[in-house]
Amino acid sequence: MATTASSSQKKANRIGLELQPYRGSKTTLCAGCGHNAISERVIHAFFEMGIEPSRVIKLSGIGCSSKSPAYFLGGAHGFNGVHGRMPSIGTGAVIANQQMIAVGTSGDGDTGAIGIGQFVHLMRRNLPIIYIIEDNGCYGLTKGQFSPTADLGSKLKTGVANDLPPIDTCALAIELGASFVARSFSGDKKQLTAVLKAALSHRGTAMLDVISPCVTFNDHAGSTKSYAYARDHDEPLGEVNLIPYFQEIDVEYDAGSTHSVKMHDGSHLLLKKLEADYDPTDRLEAMRILHETSRRGEFATGVIYVEPDKEDFIELLNLVDEPLSTLPLERVRPTKAALDEIMEELR
Amino acid sequence: MSPTGVAVQDAAAGSSSRQIVNDFNIQVATVNGSGSQTANMVLFRSLFQMGIPVSGKNLFPSNIAGLPTWYTIRASKDGYVARKREIDVLVAMNGETARDDVMGLEPGAAVVYDEPMQLSALRDDVIFYAVPFDKIVAEVCPDAKLRRLVRNMIYDGVLAKLLDVDLAQVEAALNKQLGRKVKALALNQAALKGGYDYAVEHLTKQDPFVLESMGSSGDKILIDGNAAAALGALMAGVTVVAWYPITPSSSLCETLIEYLRKYRVDKETGKATFAVVQAEDEVAAIGMTLGAGWAGARSMTSTSGPGISLMAEFTGLGYYAEVPAVIFDVQRGGPSTGLPTRTAQGDILSTAVLSHGDTKHLMLLPSSMVECYSMAIEAFDLSERFQTPVFVMSDLDLGMNAWMSEPFEYPAEPPDRGKVLDAETLKRLGEWGRYRDVDGDGIAYRSLPGDGMPAYFCRGSGHDADAAYSERADDYEDNLNRLAKKFETARSAVPVPVTEREGEGTVGILAYGTTHWAVLESCDQLAREAALAPTYVRLRAFPFTDELGAFIDRCDRVYVVEQNRDAQMLALMRMEMSPERIAKLRSVLHYGGMPIDARSITDAILAGEGHALAPANGDMPA
Ligand SMILES: Cc1ncc(C[n+]2csc(CCOP(=O)(O)OP(=O)(O)O)c2C)c(N)n1
Ligand code: SF4
Ligand SMILES: [Mg+2]
């Protein structure tokens with residue numbers, strides 16, 4: 001449930017805020033919906049990282065999953081756009097004000113079907129944004145049709161089996177050049193919080209595919225996106241731990257069994273290796289893991305791929321440091337002499 | 001022949017034939033990709049420099065190389081710059097079309113042609129000048145590989161001589177055109193001279209067409225509408241541009257990029273005060289534009305018909321969630337891919353109400369280079385003031401052809417950024433809600449991400465005055481009603497119509513955009529041929545302002561002239577006006593893809609007014 005109080009609520013974070021300001025309005029999604037659990041993790045991750053909600057912009061497309069931004073960070077600006085087009089709204093907003101921290105939620109239909117084109121190009125651009133796919137293998141809001149992430153053979157409640165292969169959004173994102181790609185499960189609080197915190201430490205696109213069961217339309221036997229199936233087939237790549245830049249590294253870790261990645265903001269991402277020598281900064285390795293686990297009918301979770309220092313879209317555009325949206329007139333309107341010069345050239 | 005409107009003057013002393021001075025139409029028929037652009041622009045610029053009112057229309061195929069293309073240059077001492085159908089001087093360079101090109105001429109026309117085509121036997125009522133282009137180019141351009149590039153410049157030389165233009169004038173134009181490209185300049189100069197010398201030695205002037213200097217171009221400029229709009233956006237302080245290439249709008253953003261790189265990079269840091277994104281399609285382009293507008297940037301996109309269709313859903317979001325955006329629509333022939341390289345005013349109706357549900361959008365209707373510039377600036381102000389997408393409805397003729405223009409004025413006013421919440425306003429209001437109509441004009445205060453003011457959740461789903469999700473009937477109706485009120489407020493903020501000709505009777509003409517230039521000329525034809533003096537009013541925006549209704553009330557009949565099949569502007573008027581006013585409206589329509597010409601309008605109005613004159617073509621009065 002999204003609104004269950006936890007013991008950390010009373011404590012203030014490093015900027016002196018309690019958990020409450022990180023919450024949003026009361027959820028209108030079904031009780032037990034995976035999306036609610038994800039909202040709850042977003043609330044905690046932003047709280048723990050001590051991010052001022054007013055520095056955040058929330059974005060989404062259309063679907064049950066796209067309603068989520070209303071249920072976290074009530075003090076942040078939000079834009080619930082049109083179906084499948086969150087990437088373009090996000091791109092415009094982030095380049096207009098690069099100082100905002102952008103977080104978007106989308107669905108597997110919103111991203112994998114109608115929005116696949118914009119998704120693909122967002123990944124290519126490495127726009128600084130946390131892009132969460134709340135993946136339930138179906139269209140929740142239109143009552144349970146298959147989505148493009150539904151597995152081959154997975155069954156609807158009516159018994160109809162899906163006859164097309166799924167799109168693996170993580171593999172696609174890596175292929176397209178995304179710089180942070182993770183998969184998690186809405187039921188794994190600890191891992192999802194850590195992955196979200198890691199995403200917040202990343203500069204560039206952080207793409208998170210979070211298995212998020214739809215209790216109403218896709219949680220039955222025969223579905224490969226049910227809670228039961230997800231629990232049984234979740235294959236963590238290892239424990240994920242994010243030591244934020246503002247904290248001392250006080251955990252002891254063995255360099256032989258733990259992989260440490262220094263994130264762009266100075267945080268340390270510690271990944272305890274379960275797979276013998278899995279290196280999340282190795283793109284080929286990441287693709288191998290994704291293909292091997294999916295062949296076994298499992299899904300690998302954790303941070304699958306990370307490239308901490310890749311140039312992001314803001315750098316590529318060579319933008320001034322201040323938000324474009326509020327540049328003063330003298331910096332955006334050329335002088336009269338400039339116009340006169342242009343007129344002279346045209347004579 | 002008597003191409004309409006051609007003034008026949010008495011021959012100058014010493015010449016046995018009559019002369020037609022500064023009042024004829026030159027057409028160059030070539031193959032696209034053959035490098036005729038430079039030669040045509042040099043010719044065009046020569047006339048411009050001589051102070052002769054000149055207009056150029058490029059008729060080109062939707063293809064990169066190898067298909068027929070025509071460039072028409074009209075000299076008009078009376079200042080008419082609309083297209084004229086009759087061709088007086090033809091330069092035939094394309095064997096494929098030469099026969100048709102010649103057969104389409106009026107008697108008395110002159111033809112300069114590439115000698116091997118042997119056209120002179122085709123007709124005996126036009127004057128032929130054979131020019132051996134290959135032979136001349138071989139003499140003036142030793143490098144065989146470069147000959148193709150300069151071959152066309154020869155006809156500029158030939159025409160200079162035939163039309164009695166000072167060669168220095170053409171050389172100056174060439175210099176301006178190629179200035180910095182030293183090698184190309186030298187080669188072209190040689191070709192120009194080669195053509196001129198050939199004409200001096202081998203051609204005897206037999207036609208009446210001559211050009212005479214009318215002074216100078218003064219401080220006038222030469223520019224196309226896309227570049228003019230780009231300059232407007234630059235001066236408006238645009239910061240985010242998202243676009244997807246499409247003819248005929250591409251050059252708008254491409255020119256803008258050039259200006260932004262030159263004038264909007266911070267001197268000290270070398271960093272850009274703008275972002276341009278070539279999006280993956282028009283859906284993404286408008287999405288980015290809206291995202292940036294929501295975040296407080298001045299943002300824009302430019303496109304043409306197919307892109308407008310794709311932008312429909314997002315435009316509805318912009319309207320309903322109240323997000324500023326500026327969209328330039330450089331119209332071309334539709335529906336579907338239609339005629340990508342031909343002009344039209346065919347997106348008027350669909351754009352006015354673009355998207356599902358009840359929507360209405362602000363549209364600005366530029367007619368000239370100055371308006372492409374000033375309305376671009378105005379569009380940004382209106383979109384932020386009314387927090388809504390604003391469309392600037394240009395067209396191919398305006399956007400891609402070069403036009404003479406008065407120079408542009410530096411904006412006198414700072415931008416109008418609209419109602420953006422600040423601490424003072426918040427204090428005054430006490431309580432703020434994103435969509436509360438506190439001023440009674442339908443326009444609410446918005447806050448921007450990162451500005452420290454209260455946040456809101458922007459959405460295209462049902463919402464109440466505080467931007468909270470709502471499916472309540474009263475919230476929905478209140479919102480739609482306020483949006484309608486906002487549109488009413490806009491009615492008194494958009495550019496008013498201009499009375500271009502104050503007439504005498506009770507006949508009116510209404511037009512907009514590029515149609516204007518043909519209507520001006522048509523007014524003179526109507527006066528000359530039928531002593532008709534209609535009052536001509538030019539529309540400049542949607543929503544319609546009160547002046548339009550008042551004008552119709554003054555008339556018995558109003559001819560609405562436009563370049564589409566379905567009388568789209570008239571249809572919009574029908575949506576808003578009383579039956580009495582609607583009953584007065586007549587349509588004059590033109591939609592072949594070529595810019596509208598005065599003759600078509602004149603014939604249609606004469607027929608409509610009961611003057612016995614059958615329309616010469618398919619343009620019908622309704
Ligand atoms: C253009 C358009 N087409 C169709 C719809 C209907 N629609 C709303 S949500 C949705 C699918 C949502 O699925 P998903 O993105 O997986 O989100 P979920 O509800 O499963 O979280 C569809 C098809 C729409 N809103 N807009
Ligand atoms: S229908 Fe499914 S996805 Fe939508 S809220 Fe209910 S459980 Fe969640
Ligand atoms: Mg879904």
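How much space lies in the largest pocket? About 1700 Å³.

This is a predicted model, in which local features need pLDDT of at least 70 and side-chain atom pairs count only at pLDDT 80 or more, while totals for chains, interfaces and linings use all residues. Residues are numbered from 1 along each chain as its sequence is written, chains are lettered from A and ligands numbered from 1 in the order in which they are written, and side-chain values use heavy atoms, with hydrogens and water left out.

**View 1. The largest pocket and its lining.** A pocket is an open set of points on a 1 Å grid over the protein atoms alone, with protein on both sides within 12 Å along at least five of seven lines; lining residues have an atom within 4 Å of a point. Grid points are joined across faces, edges and corners, and a volume is the space filled by probe spheres set on the points. The lining of the largest pocket has 42 residues, and B:Gln37, B:Met41, B:Arg45, B:Gln177 and B:Asp224 are the closest to its centre. Elements that give two or more residues to this lining include helix H12 (336–345) of chain A, and helix H1 (36–49) and helix H6 (167–178) of chain B. Helices (H or I, at least four residues) and strands (E, at least two) are DSSP runs, numbered from the N terminus. By class, the lining holds 15 nonpolar, 18 polar and nine charged residues. Ala, Val, Leu, Ile, Met, Phe, Trp, Tyr, Cys and Pro count as nonpolar, Asp, Glu, Lys and Arg as charged, and the others, Gly among them, as polar. Domain 1 (8–210) and domain 2 (223–405) of chain B each give at least three residues to the lining; domain bounds come from an automatic or database domain assignment.

**View 2. The second largest pocket, with about 690 Å³ of space.** Its lining has 29 residues, and those nearest the centre are A:Ile101, A:Pro128, A:Leu200, A:His202 and A:Arg203. Strand S3 (101–107), strand S4 (129–135), helix H7 (189–201) and helix H10 (313–316) of chain A each give two or more residues. H7(A) gives the most, with three residues. The lining divides into 14 nonpolar, eight polar and seven charged residues.

**View 3. The magnesium ion (ligand 3) and its protein donors.** A:Asp108 (OD), A:Asn136 (OD1) and A:Cys138 (O) lie 2.1 to 2.2 Å from the ion. Donors are N, O and S atoms within 2.8 Å of the metal (3.2 Å for Na, K and Ca); water is not among the atoms, so sites may look incomplete. A:Asp108 lies in helix H4 (residues 108–112) of chain A and A:Cys138 in strand S5 (residues 138–139) of chain A, so the pair ties together parts that are 30 residues apart in sequence. A:Asp108 is buried at 2% relative accessibility, and A:Cys138 is buried with a relative accessible area of 3%. Buried means under 20% relative accessible area, exposed over 50%, and partly exposed in between (1.4 Å probe, protein chains only).

**View 4. The residues around ligand 2.** Among them are A:Cys30, A:Cys33, A:His35, A:Cys64, A:Asn136 and A:Cys214. A residue is near a molecule or strand if one of its heavy atoms lies within 4 Å of it. The shell has seven nonpolar, three polar and no charged residues. A:Asn136 is also a donor of the magnesium ion (ligand 3).

**View 5. The largest cavity, with about 100 Å³ of space.** A cavity is a set of points where a 1.4 Å probe fits but cannot get out. The structure holds nine cavities of 30 Å³ or more. The largest cavity is lined by 16 residues, with B:Lys57, B:Asn58, B:Leu59, B:Met594 and B:Pro595 nearest its centre. By class, the lining has five nonpolar, seven polar and four charged residues.

**View 6. Backbone features in the loop between strand S13 (325–333) and S14 of chain B.** Most residues other than glycine have a negative phi, and most peptide bonds are trans. The peptide bond from B:Gly334 to B:Pro335 is cis, with omega near -5°. B:Ser336 has a positive phi near 55°, lies in the loop between S13 and S14, and is exposed at 65% relative accessibility.
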